[in-house]
Amino acid sequence: MVADQRRLAVDGGTSLADVPPAPLLSIRWAAAAARIAWGLLGFVVLLLVWRQLSTMLGPRRLPSPQSLWPAIFTDLYTNKILEFQGGGNRGIWPHLLYTIRQTVLGSVIGTGVGILLGIAMARWHSFFVFMEVPVGALRTIPPLAAIPFMVLWFGPSQVAQLAMVGYYVGVMVTVTATTAIRNLDPLTQNFARTLGASEDRVFSTVVLPAIIPELVGGIRVAVGVAWGIEVISELAGAPEGMGQVFSRMVAFQELSVIIVGIFWVTVAAFIADLFITGTSDYLTRWAPRQEKRG
């Protein structure tokens with residue numbers, strides 16, 4: 001846009017100093033405002049559909065959004081059912097913190113192991129051939145089938161849940177890292193070699209920065225799945241956690257507390273996803289980005 005304005009100014013005989021700069025900042029703010037508006041509209045439509053379904057099914061089977069609004073904050077710190085069952089008058093907050101801690105720690109462990117294993121598989125072909133079938137087989141095991149093994153090996157403890165989360169995150173990140181490295185264009189690496197760069201130098205300065213966007217995409221998917229795996233593993237006998245809250249509330253048919261718990265787990269997952277994408281944007285700030293269009 002700026003180039004077109006300057007070209008027209010020169011052709012018309014106007015000096016470049018007389019051409020006002022394009023309002024890029026205003027355009028970006030307008031695009032951001034439009035995205036927020038569309039997002040809010042989608043949220044409103046979701047609430048309207050939810051309210052209509054609540055009217056059709058009845059508040060006992062599906063509480064309405066307006067009835068849950070006060071409980072979003074009150075149940076966070078106090079809940080009579082949890083107090084009655086010996087959980088203290090603490091609400092779901094300590095259980096939410098437990099789930100967040102276990103998910104984050106297990107995801108960090110699984111991501112670290114997965115990246116190292118994926119790099120090793122991509123760099124050494126013999127190791128890739130050796131590990132390809134085992135990793136593919138381990139990836140297909142359903143979480144519900146793996147929980148009994150984790151409980152038998154580690155007991156109904158925090159270690160079992162960390163093992164579950166780390167296991168599935170690690171397998172998914174391993175596949176992503178291996179695929180990202182093997183799909184790189186070899187021309188870039190060969191060009192670096194012609195300039196005298198060693199293999200280690202090529203890998204650290206060319207390969208690793210190039211795979212970050214695709215690797216982060218796989219990590220986001222893996223961490224998103226990790227929240228559900230952690231909650232499922234907590235059902236097998238965790239001392240705390242949102243899985244235990246959901247199990248207790250099902251027994252009392254308290255769907256409102258379950259929905260509130262799902263809401264706060266979703267908020268925690270959304271914040272974690274923002275942190276991952278923000279870290280990725282910082283690490284790849286050198287890469288050109290295409291402006292998103294509404």
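D273 is partly exposed in this predicted model, with a relative accessible area of 21%. That value places D273 just on the partly exposed side of the cut-off, because buried means under 20% relative accessible area. The side chain of D273 meets that of R220 in a salt bridge, with a separation of 2.8 Å from N to O. R220 is likewise classed as partly exposed, because its relative accessibility is 37%. Side chains of opposite charge can pair when their charged atoms come close. Here R220 belongs to helix 10 (residues 199-234) and D273 to helix 12 (residues 255-283), so the contact ties together parts that are 53 residues apart in sequence. The total for the protein is one salt bridge.

Helix 10 offers a further point of interest, as V221 is also found there. V221 counts as exposed, because its relative accessibility of 51% falls in the range defined as over 50%. In space, the C-alpha of V221 is 9.1 Å from the C-alpha of V173, while the two residues are 48 apart in sequence.

It helps to set these details within the overall fold. The protein contains twelve helices and zero strands, and its pattern along the sequence reads α-α-α-α-α-α-α-α-α-α-α-α. Of its 294 residues, 37% count as buried.

What, then, of the space inside? The count of cavities of 30 Å³ or more comes to two. The largest cavity holds about 60 Å³ of space. Its lining is made up of 13 residues, and those closest to the centre are V151, A160, Q161, S233 and A236. Two elements, helix 7 (143-154) and helix 8 (158-182), each give two or more residues to this lining. Which kinds of residue make up the lining of the largest cavity, nonpolar, polar or charged? The lining divides into eight nonpolar residues and five polar ones, with no charged residue among them.

Turning from the interior to the surface, a nonpolar patch is formed by W38, L41, V45, V49, L53, M56 and L57. Together, these residues of the patch have about 710 Å² of accessible area. One of them, L53, sits in helix 2, which spans residues 24-57. Is L53 buried, partly exposed or exposed? L53 counts as partly exposed, because its relative accessibility is 38%. The same figure of 38% for L53 also fits its place in the patch, because patches are made of residues with over 30% relative accessible area and no salt bridge.

Terms used. Residues are numbered from 1 along each chain as its sequence is written. This is a predicted model: local features need pLDDT of at least 70, side-chain atom pairs count only at pLDDT 80 or more; totals for chains, interfaces and linings use all residues. Side-chain values use heavy atoms; hydrogens and water are left out. Patches are made of residues with over 30% relative accessible area and no salt bridge: like charges are joined within 9 Å, nonpolar side chains (Val, Leu, Ile, Met, Phe, Trp, Tyr) within 5 Å. Accessible areas come from the Shrake-Rupley method with a 1.4 Å probe; for residues, only the protein chains shown count as cover. A salt bridge is a side-chain nitrogen of Lys or Arg within 4 Å of a carboxyl oxygen of Asp or Glu. Helices (H or I, at least four residues) and strands (E, at least two) are DSSP runs, numbered from the N terminus. Buried means under 20% relative accessible area, exposed over 50%, partly exposed in between (1.4 Å probe, protein chains only). On a 1 Å grid over the protein atoms alone, a cavity is a set of points where a 1.4 Å probe fits but cannot get out, and a pocket is an open set with protein on both sides within 12 Å along at least five of seven lines; lining residues have an atom within 4 Å of a point. Grid points are joined across faces, edges and corners, and a volume is the space filled by probe spheres set on the points. Ala, Val, Leu, Ile, Met, Phe, Trp, Tyr, Cys and Pro count as nonpolar, Asp, Glu, Lys and Arg as charged, and the others, Gly among them, as polar.
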